[in-house]
Amino acid sequence: MTIYPDFYDDFCCKADKCRHTCCAGWEIDIDESTAAKYQQLGGELGEKIRQNIVAAAGVWQFRLREGDRCPFLCADGLCELIRTADESILCDICTNHPRFFVTVGDYELAGVGLSCEKSCELLLADTAPLSLRTEIGESWPLKELLRRLDLPASDEDLGYQTGLTADDADFVLSGMVKTEPIDAAWTAQLAQLRAEPLAMGAEVPRAFDRVYQYILYRALEHVPQYGWGTVLSYAQFNADFIYLTYQLTGQLDESIRRWSEQIEYSTDNVRILLNLLA
């Protein structure tokens with residue numbers, strides 16, 4: 001059975017309205033079946049695609065331009081491939097991003113990654129606790145999914161724990177320093193966070209329980225390897241980091257999105273933090 005977060009069906013790419021296009025800044029791998037289709041595609045479009053893809057370590061990728069931009073990303077933020085043909089010409093990663101599907105126990109957990117600004121907008125559009133729905137239309141609280149996965153979750157486990165201390169903040173930031181930085185701006189902001197004193201007793205936005213719960217939901221795939229306690233700590237650790245960044249910037253949505261780029265979308269960095277907390 002597939003499980004979805006409550007806002008999943010509302011997701012729609014912002015295309016040229018997006019300030020942080022997913023068509024730049026990332027390697028774009030091409031799945032084997034699409035790469036084979038590209039090799040056989042006729043006409044000017046087929047020739048242009050073949051001129052702009054390259055095989056690296058046995059995997060086909062788009063040959064990125066300056067700024068790590070996809071060669072088919074137009075100046076207006078739209079995709080030349082979709083404009084010239086239609087969405088069926090896209091490779092799997094371009095079709096599916098930022099959606100994810102992972103198997104946990106007897107369930108397939110679906111969602112949208114938070115490196116996408118639209119995903120962050122949808123998550124933050126409601127301050128109610130995260131709710132889930134099944135493929136047959138049932139509505140579940142997160143606690144119901146955890147019960148069915150035989151994970152002992154108390155009400156305290158399902159809420160973001162406020163009261164971050166200076167020592168807590170130092171632990172979180174020291175842990176983040178151990179991760180591989182996505183860019184120079186990330187490293188610079190970490191240094192700024194470590195230099196800034198923690199504002200004790202500052203207000204925590206009402207949406208933080210929901211943010212914490214979504215990070216927890218996203219990390220459930222790691223329970224078999226790392227254990228339930230470590231995954232709970234991982235969700236709190238990352239929510240604490242987002243809170244610290246929010247304190248610095250005043251921008252909750254962007255704090256979440258940048259965290260996701262650095263952690264959620266790096267299997268190595270997820271592993272580093274899970275091992276730190278195990």
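## Exercises on strands, cysteines and a helix pair

Strand E1 (residues 2-5) and strand E7 pair in the antiparallel sense, and three bridges link them. The structure is a predicted model, and the exercises below work outward from this pair.

**Exercise 1.** Determine which strands make up the sheet that contains E1 and E7, and which of them stand at the edges.

*Solution.* Begin with the order, which is E5-E6-E1-E7-E8 in an open sheet of five strands with mixed pairing. Next look at the ends of that order: strand E5 (99-104) and E8 each have a single partner strand, so one side of each is left without a neighbour in the sheet. Finally, consider the twist, for which neighbouring strands of this sheet are turned by 30° against each other on average, direction ignored.

**Exercise 2.** Work out which residues stand opposite those of E7 in the adjoining strands, and which residues form its covered face.

*Solution.* On the side of E1, Tyr 4 stands opposite Arg 133 of E7. On the other side, E7 pairs with strand E8 (residues 139-141) over three bridges, again in the antiparallel sense; here Leu 132 stands opposite Trp 140, while Ser 131 stands opposite Pro 141. Turning to the faces of E7 (residues 131-134), Leu 132 and Thr 134 form the covered one, whereas Ser 131 and Arg 133 form the uncovered one. The last step concerns the hairpin of E7 and E8, where four residues lie between the strands and Gly 137 takes a positive phi near 90°.

**Exercise 3.** Describe the sheet that holds E2, E3 and E4, and state which strands lie at its edges.

*Solution.* The three strands form an open sheet in the order E2-E4-E3, with antiparallel pairing. Strand E2 (29-30) and strand E3 (53-56) are the edge strands, each with a single partner, so one side of each has no neighbour in the sheet. Within this sheet, four bridges join E3 to strand E4 (residues 59-62), and Ala 56 stands opposite Val 59 in E4.

**Exercise 4.** Ala 24 lies in the loop between E1 and E2; decide whether Ala 24 is buried or exposed, and find which residues it touches.

*Solution.* The relative accessible area of Ala 24 is 17%, which is under the 20% cut-off, so the residue is buried. Setting aside residues up to four places away in sequence, Ala 24 touches Gly 67, Asp 68, Arg 69 and Leu 73. In addition, the C-alpha atoms of Ala 24 and Glu 66 are separated by 9.4 Å, although these residues are 42 apart along the chain.

**Exercise 5.** Establish how many disulfides the structure holds, and why Cys 12 is in none.

*Solution.* The count is zero disulfides. For Cys 12, the closest cysteine sulfur, in Cys 13, is 6.8 Å away, which is too far for a bond; Cys 12 counts as exposed because its relative accessibility is 51%. For Cys 94, the nearest cysteine sulfur is that of Cys 91 at 3.6 Å, and Cys 94 is in no disulfide. Cys 94 is partly exposed, with a relative accessible area of 34%.

**Exercise 6.** Characterise how helix H5 and helix H9 are oriented, and which residues make their contact.

*Solution.* The axes of H5 (residues 117-124) and H9 (residues 208-219) come within 10 Å and cross at roughly 125°, and the two helices are therefore oblique to each other. Leu 122, Leu 123 and Leu 124 of H5 meet Arg 210, Val 211 and Tyr 214 of H9. Sorted by class, this contact has five nonpolar residues, no polar ones and one charged residue.

Notes: Residues numbered from 1 in each chain as written. Predicted model: local features only at pLDDT ≥ 70, side-chain atom pairs only at ≥ 80, totals over all residues. Heavy atoms only, no water. Pairing = 2+ DSSP bridges. Disulfide = S-S within 2.5 Å. Buried < 20%, exposed > 50% of the residue type's maximum accessible area, 1.4 Å probe, protein only. Axes fitted to C-alpha atoms, helices over the stretch in contact; angles between N-to-C directions. Parallel < 35°, antiparallel > 145°, perpendicular 65-115°, else oblique. Contact = heavy atoms within 4.5 Å. Nonpolar A, V, L, I, M, F, W, Y, C, P; charged D, E, K, R; others polar.
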